[in-house]
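Subject: Structure handover and findings

Dear colleague,

I am passing on the structure below, together with an account of what turned up when its side-chain contacts and its surface were examined. Please read the notes alongside the coordinates.

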Amino acid sequence: YFLAARLVFPSHPEGFANLDTHYFRVRRLVFGLLLVLLGAQLAYFLNHPDLSRLLFRPFPLGMTLLFVALVVAAMGVKGRRASIAILSLLIARYIVANLIV
């Protein structure tokens, strides 16, 4: 998580007149790292019977699949507006998942 968070912001922000350029340069790596971390977390959950049972309930499973779909979409979209829409949906998903749980 630290590496992904570190990559979100440029090392020398004064060299970037437009932060969109940096975002579109590192977004695939950052979101790819999030998917790898999710895979590691799921592997951990699947190795613990109490946790794996909870993982396959409809709400957690749906939220996980929605997260994966949105992250993959965020990795692939090219336009600024589409990226903003997907990032907004990721934020909304996070809020809903944490308010309901």
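In this predicted model, aspartate 20 forms a salt bridge with arginine 80, and the closest N and O atoms of the two are 2.7 Å apart. Because aspartate 20 belongs to helix H2 (residues 19-46) and arginine 80 to helix H5 (residues 80-100), the pair ties together parts that lie 60 residues apart in sequence. Aspartate 20 has a relative accessibility of 26%, so it counts as partly exposed.

The search of the whole structure finds 2 salt bridges, and aspartate 50 and arginine 53 also meet in one, with an N to O distance of 2.7 Å. Here both residues sit in helix H3 (residues 49-55), where being 3 residues apart means that they are separated by about one helical turn. Aspartate 50 and arginine 53 are both exposed. As general background, side chains of opposite charge can pair when their charged atoms come close.

Turning to the surface, there is a nonpolar patch of about 730 Å², which is made by Phe59, Ile91, Tyr94, Ile95, Val96, Leu99 and Ile100. Helix H5 contributes the largest share of this patch, namely 6 residues, whereas phenylalanine 59 lies in helix H4 (residues 58-76). Phenylalanine 59 has a relative accessible area of 33% and is therefore partly exposed, since that class covers values between the 20% limit for buried and the 50% limit for exposed.

With best regards

Notes:
Residues are numbered from 1 along each chain as its sequence is written. This is a predicted model: local features need pLDDT of at least 70, side-chain atom pairs count only at pLDDT 80 or more; totals for chains, interfaces and linings use all residues. Side-chain values use heavy atoms; hydrogens and water are left out. A salt bridge is a side-chain nitrogen of Lys or Arg within 4 Å of a carboxyl oxygen of Asp or Glu. Helices (H or I, at least four residues) and strands (E, at least two) are DSSP runs, numbered from the N terminus. Buried means under 20% relative accessible area, exposed over 50%, partly exposed in between (1.4 Å probe, protein chains only). Patches are made of residues with over 30% relative accessible area and no salt bridge: like charges are joined within 9 Å, nonpolar side chains (Val, Leu, Ile, Met, Phe, Trp, Tyr) within 5 Å. Accessible areas come from the Shrake-Rupley method with a 1.4 Å probe; for residues, only the protein chains shown count as cover.
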